[in-house]
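Here are my notes, meant to be read with the model open beside you. Take the points in order and find each residue or helix as you go.

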Amino acid sequence: MNFRRLTAFLAITAAGILVVIVAFLGIYAWPALRLNGSAFLFQNSWNLGNLYADPITLHGQQIMPGAHYGILFLIVGTLLSTAIALVIAVPVGVGSAMFLAEAVPHVLRSWVSFFVELLAAIPSVVYGLWGYAVVIPFLGHHVYPFLAKWFGFVPFFGGPTGSGYGLLTCGFVLFLMIVPLITATLRDALVSQPVFLREGAVALGASRFETLWTVLIPATRRVLIGSSILATGRALGETMAVLMVSGNALNYLPANIYTPISTMASFIVSQLDSALEDPTGMAVRSLAEVALVLCLISVIVNGLARVLLYYEVRQSQRVV
Amino acid sequence: MGMTAAEINASTLPPPGGRLLRRRLADYAGWGLCTLAFLFLGSATVWILAVVFMRGFRALTPQVLTHVTVGYGGGLLNAIEGTLVLAVGGILLAIPPGLASGIYLSEFGQGRLAPVIRFLVDVLVGVPSIVVGYFSYVTMVVGLGWKFSVAAGSIALAIIALPYICRTSEMALRQVPRAVREGAYALGAGDGRVAMGICVPMALPGILTGVLLALAIAVGETAPLIYTAGWSNYLWTGHLTNEPIGYLTYAIWAFITEPFTTAHELAYAAALFVTLFVLLISILARMALDENVGWLRRGRR
């Protein structure tokens, strides 16, 4: 085997890991897929059944009596916490990217940016520690009661504020974890826009901010969309930080933004221990189905982002 | 009849105030909001780092470095050892296929196959680490019967590190000028000699930066290890399978939720170690890539 073939073989192996992951999760989860059907995605009922009884047979599968698996609350929790993170991260990310690209002197730019991008380097579990020990007491005691009192008229802002574990806390921590992705990508794109765009805008009498806001930001919108989708993918799959600040809700949907939630990723960690108690193994297989759903969602989201960003790179190469 | 510039301006521009004032106010408001966004992120960074450093250093005693965990107290020697074993093991496993696929994409990937591989590798970067962890649990811990072990944990970390190493190697290799390859081929060198003997050494700083960043990610990961490496209070005895092993990120997660002060101190000390390590690597990598002082950029000029 010559060198070229060897590297090609290893490259195909590396890329094949993704296919293998999806395939193995699918095969392992297959009995659960057959048993749960579409109710899996649309019902709030994660119930391991009576673990002390004898297994019964349902649809040809052995399960514990009363066992039922539905993860609607996980899907809702995952999507809502990601949506909150994104709603904060996009404006803050765009603002800080504009600041870093235009308002910071060139010599300092890379180190000032680095300071913000450090947020992406901090491990997830350290965010969880910070969230658990500092943010939750702070938000739960000082910020949420205040929000509920003065902004209670806004839908989902009123009502009981709980102890600080919950949807908004999750969204806030996720926002900090994903915003450097948007800031860094957009800053690079702003800096590398062709000079004639700037020259044209300035010649028409635009101020520096107007140039940035009306010409350069629209020119980089595909980068903004692509990086936001990448950030979405990251937030959807975030595990440890969410596990430590979400409150790990089971089988109910959030009533307001302070309600505890669970996400698919954090649920896999928090439930595997108890799922292993199920002698039929159906609970572990249903968790594999959760992993499969999460994996497919992130493959779709990341694939979409890559296609968009790839197209953007092609376009910018054509212009230059 | 000549007009001065001031007269022309006065006759053609709208009167001051009104629109001009509004534009200027919008400018100030815009810059104000941008500055606010930046300051918000900057202060969040300071807040997190301050909490980790202050509480971490307060919890740091010599015992943390010299003793193994006993119950919810003692030290973190077992976890430090475990993190090093798992992370270095994972990276060593990921380097051969990662570098090889990077070489393929940069040197030989002109056909229709390369974009597909690049796409799949990029999507693999985005697969949540818990999915990789669960996959490893199903296949290795249960399927192959390895139980919680160094082998399963390292392979899970290798799957996470591999796409990073692949893509950063490809980027680094692309920076090697085409003329160098042409010269080498003209002198009769084969594919292997050109790639491994010429291009890889020239791109080595970039490749190493990618490997270091992957190491930082591996050290900071928790989710893929919880159900592959397990946890152990003892030092590793060298078995690759059937022996669980401790690691620092587990200590952070598991000990902060315990009601004991000693457990909290271990969690903060572990967070300090992990954060310091990740920070150090990020700074090193940034220095390598920096436009003004980076040895990578300077070399290319």
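1. Is the crossing of α3(A) and α6(A) right-handed or left-handed? Keep in mind that you are looking at a predicted model. The crossing is right-handed. The two partners are helix α3 (residues 72-103) and helix α6 (residues 167-191), both of chain A, and their axes come within 6 Å and cross at roughly 35 degrees. In general, a pair of packed helices is described by just those two things, the angle and the distance between the axes. As for what sits in the contact of α3(A) with α6(A), the residues there divide into 22 nonpolar, six polar and one charged.

2. Stay with α6(A) for a moment and look for the bend. A kink of about 35 degrees lies at A:Ile178, shortly before the proline A:Pro180. Now check the length of α6(A): its 25 residues, at 1.5 Å a residue, should span 36 Å, and the end C-alpha atoms are indeed 36 Å apart, so the two agree. Of those 25 residues, 23 are buried, so α6(A) is mostly covered, where buried means that 20 or more other C-beta atoms lie within 10 Å.

3. Zoom out to the whole of chain A. You should be able to find 12 helices and four strands. The C-alpha trace spans about 80 × 70 × 30 Å along its principal axes. Chain A has 320 residues, and 50% of them are buried. Take the contacts in chain A with a separation of 6 or more: 78% of them come from residues 24 or more positions apart.

4. Next, the place where the chains meet. Here 69 residues of chain B are in contact with 68 residues of chain A. Which helix gives the largest share of chain B's side? That is helix α2 (residues 18-59) of chain B, with 17 residues. Sorted by class, the side of chain B that touches chain A has 46 nonpolar, 16 polar and seven charged residues.

5. α2(B) deserves its own look. With 42 residues at 1.5 Å each, α2(B) should span 62 Å; the end C-alpha atoms are 61 Å apart, which agrees. The buried residues of α2(B) include B:Cys34, B:Ala37, B:Phe38 and B:Leu41, and further along B:Ile48, B:Val52, B:Arg55 and B:Gly56. What do they pack against? In chain A the partners are α3, α4 (106-121), α5 (124-150) and α6, and in chain B there is α12 (261-289). As a reminder about helices, an α-helix has 3.6 residues a turn, so residues three or four places apart point the same way.

6. Two residues with a positive phi are worth a click. A:Asn251 is not a glycine, yet its phi is positive, about 65 degrees. You'll find A:Asn251 in the loop between α10 (240-245) and α11 (264-275) of chain A. A:Asn251 counts as partly exposed because it has 15 C-beta neighbours inside 10 Å, and the partly exposed class lies between the 12 or fewer of an exposed residue and the 20 or more of a buried one.

7. The other is B:Lys147, also a residue other than glycine, with a positive phi near 60 degrees. Its place is in the loop between α6 (129-143) and α7 (150-174) of chain B. B:Lys147 has 16 C-beta neighbours inside 10 Å, so it counts as partly exposed. Apart from neighbours within four places in sequence, B:Lys147 is in contact with B:Val141, B:Thr241 and B:Asn242. For a sense of scale, B:Lys147 and B:Gly71 are 76 residues apart in sequence and 22 Å apart in space, C-alpha to C-alpha.

8. Last, a pair of helix residues. A:Ile300 lies in helix α12 (residues 282-319) of chain A. Is A:Ile300 buried or exposed? A:Ile300 is exposed, because 12 other C-beta atoms lie within 10 Å. In chain B, B:Gly183 is in helix α8 (residues 178-186), and with 13 C-beta neighbours inside 10 Å B:Gly183 counts as partly exposed. B:Gly183 and B:Val194 are 11 residues apart in sequence and 9.5 Å apart in space, C-alpha to C-alpha.

Note on methods:
Residues are numbered from 1 along each chain as its sequence is written. Chains are lettered from A and ligands numbered from 1 in the order in which they are written. This is a predicted model: local features need pLDDT of at least 70, side-chain atom pairs count only at pLDDT 80 or more; totals for chains, interfaces and linings use all residues. Two residues are in contact if their C-beta atoms, placed from the backbone, lie within 7 Å. Ala, Val, Leu, Ile, Met, Phe, Trp, Tyr, Cys and Pro count as nonpolar, Asp, Glu, Lys and Arg as charged, and the others, Gly among them, as polar. Axes are lines fitted to C-alpha atoms, for helices over the stretch in contact, and angles run from 0 to 180 degrees between N-to-C directions. A crossing is left-handed if the near helix is turned anticlockwise from the far one by less than a right angle, and right-handed if clockwise. The expected span of a helix is 1.5 Å times one less than its number of residues. The bend at a residue is the angle between axes fitted to the seven residues ending there and the seven starting there.
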